Protein chains: 2
Amino acid sequence: MGGQEIEQLIRLLGRLPGFGPRSARRVALYLLRDPQGRLLPLARALERTGAAVRTCSTCGTLDTVDPCHICADPLRDHGLVCVVETVGDLWALERAGVHWGVYQVLGGTLSPLAGMGPEDLNVDSLLRRVESGEVREVILALGATVEGAATMHWLMDALGQHAGVVVSRVAQGVPMGGALDVLDDGTLAAALGARRPA
Amino acid sequence: MGGQEIEQLIRLLGRLPGFGPRSARRVALYLLRDPQGRLLPLARALERTGAAVRTCSTCGTLDTVDPCHICADPLRDHGLVCVVETVGDLWALERAGVHWGVYQVLGGTLSPLAGMGPEDLNVDSLLRRVESGEVREVILALGATVEGAATMHWLMDALGQHAGVVVSRVAQGVPMGGALDVLDDGTLAAALGARRPA
C-alpha cells in the first residue's frame, strides 16, 4: 500500500504506546496529506530532540542539558528532594506546580519478579547528595503499589543511616473530586486511617 | 519540562489525530527513553517518506511513485475503476483484497456546507480515462452519508453521458457479523429493500 517507505512508517507508528494498526494508518495518512506542513516538521522535531536529549547526571530526568533545567535552577530548593519512579511522574508534579525543590528519578521500582534490584535503581546520586549534607528532606512520591511500597521501605532504610535528613512520604487518601463509592477498599482504609481533625 | 526541543515535540505530537496532551507526553517519553532505537528510526522514516511521497496523477492516491503501484500494475484490470472518497478507503479495500481493478480517489465528497463543489473533487482524470474508452465499469464505493449520496448522484450524471460504461454502486445492508437489533433504521430499510432470494 503506497510503497515501502509508507508501509515502514505505518509499521513504526504502530509500535508506539497506545497505537494499533488502525491508528497508525490514520496518523500516517494525516501526515502524508501535508508533507510540508505536518510530516517534515515532526521529522525535524524528532531529529533535533534525539540529538539533544540527555539524562541529568544529578537527578536522572530527561532534558536537553546536563545538569537539567531543574537541577541547574538556583531558585529551587536543593535541600528538598522529591523521589519519583519515572520522568513522567516528575512531569506530572511540575505541571501541577506543587514542588519547589528538586527531584530524583529512580527509573523504576524494586521488583524481584521483573528482575529489578536496588542496583537497577538510580539512587547513587541521591545518596551522594544526602552524604554531601546539602539535603534537608527527602519526599518519597512513589506509586501506591506493592512495588512502590517495597521501594519506599528499602529507601527509608538506606536513607535512615544519615542522621539529620527527614524522610517523608506523600499522603494517601480520597483523590480530589473523587466519590467514595467508586474507590477501592485499600484507598478507603488509608483515607480513614489517616483521618485528621476537621 | 525538559527543554524546548522536548516541549516542541510534545506540542507537535499533541496535534496528531486521536492525540491529547496526555498521549503526546506518553509517546514522547517512550521515544525519548531510547533515542537510538525508537526516536531516530521514526524521524528517519518520516524524513524518507516525506521526501518520497507523491500523488498519483492517474488515480489520486498517495504513493512513492507516480503512477502509483496500483495504476502501474499490468495485472490489475484497468477497465474496472472503483471510486472512493479517500486514500484511507482505498487502503481498506486493498487490505480486504476484494478489488482487482484500479481506483479513483475523489479526495472528499460534494458538500455545499463545507464549500466542496464538483471542482474540488479529483474527477477530471476519471472522466479522461472514461473518455479514452479504456473503462468498462465504474464502481461507486462512497460512504452511506448524505454527502456520499449527493456525490454519487452527481457522478452518475457526469458518467451517464458516456455510453458503454456501466456505473454500479456497492450494496448496502447488514454488515458481516452484525446483529440486527443494533443497526439503525436506515440500514435495516436498505437491507430489507435489497433482499434477494435465499
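**Close-up views of chains A and B**

**View 1. The annotated zinc finger region of chain A.** In an unreviewed entry, UniProt lists residues 56-71 of chain A as "zinc finger region: C4-type". The structure shown here and in the other views is a predicted model. In this model the C-alpha atoms at the two ends of residues 56-71 of chain A are 8 Å apart. Strand accounts for 12% of the span and helix for 0%.

**View 2. The open sheet of chain A.** Four strands of chain A make up an open sheet with parallel pairing, ordered β4-β3-β5-β6. At its edges are β4 (101-105) and β6 (166-169) of chain A, each of which pairs on one side only. With direction ignored, neighbouring strands of this sheet are turned by 25° against each other on average. Strand β5 (residues 137-140) of chain A is joined to β6(A) by four bridges in the parallel sense. Within the β5-β6 region, E137(A) is opposite V166(A), the latter in β6(A).

**View 3. Helices packed on the sheet of chain A.** Which strands does helix α4 (residues 87-96) of chain A touch? This helix packs on the sheet against β3 (77-84) and β4 of chain A, and its direction makes about 160° with that of β4(A). Helix α5 (residues 124-131) of chain A also packs on the sheet, where it touches β3, β4 and β5 of chain A. The direction of α5(A) makes about 140° with that of β4(A).

**View 4. The contact of α5 with α6 in chain A.** The axis of α5(A) and that of helix α6 (residues 146-160) of chain A come within 11 Å, crossing at roughly 35°. The crossing of α5(A) past α6(A) is right-handed. On the α5(A) side the contact is made by L126(A), L127(A) and V130(A); on the α6(A) side, by L155(A), A158(A) and L159(A). Sorted by class, the residues in the contact of α5(A) with α6(A) are six nonpolar, with no polar and no charged ones.

**View 5. Packing of α3 of chain A with α1 of chain B.** Two packed helices are described by the angle between their axes and the distance between the axes. For helix α3 (residues 35-52) of chain A and helix α1 (residues 3-14) of chain B, the angle is about 150° and the axes are 9 Å apart. Angles over 145 degrees count as roughly antiparallel, and α3(A) and α1(B) are therefore roughly antiparallel to each other. Their crossing is left-handed. From α3(A), the residues P41(A), L42(A), A45(A), L46(A), R48(A), T49(A) and A52(A) take part. They meet E5(B), I6(B), Q8(B), L9(B), L12(B) and L13(B) of α1(B). How many residues of the contact of α3(A) with α1(B) are nonpolar, polar and charged? The contact of α3(A) with α1(B) has nine nonpolar, two polar and two charged residues.

**View 6. The open sheet of chain B and its helices.** Chain B has an open sheet of four strands in the order β4-β3-β5-β6, and the pairing is parallel. Because β4 (101-105) and β6 (166-169) of chain B stand at the edges with a single partner strand each, one side of each has no neighbour in the sheet. From one strand to the next the twist averages 25°. Five bridges pair strand β3 (residues 77-84) of chain B with β4(B) in the parallel sense, and C82(B) stands opposite Y103(B) in β4(B). Helix α4 (residues 87-96) of chain B lies across β3 and β4 of chain B and runs at about 160° to β4(B). Helix α6 (residues 146-160) of chain B lies across β3, β5 (137-140) and β6 of chain B, at about 170° to β5(B).

Key
Residues numbered from 1 in each chain as written. Chains lettered and ligands numbered in written order. Predicted model: local features only at pLDDT ≥ 70, side-chain atom pairs only at ≥ 80, totals over all residues. Heavy atoms only, no water. Pairing = 2+ DSSP bridges. Axes fitted to C-alpha atoms, helices over the stretch in contact; angles between N-to-C directions. Contact = heavy atoms within 4.5 Å. Parallel < 35°, antiparallel > 145°, perpendicular 65-115°, else oblique. Left-handed = near helix turned anticlockwise from the far one by under 90°. Nonpolar A, V, L, I, M, F, W, Y, C, P; charged D, E, K, R; others polar. UniProt positions renumbered as here; feature names shortened; annotations may be inferred.
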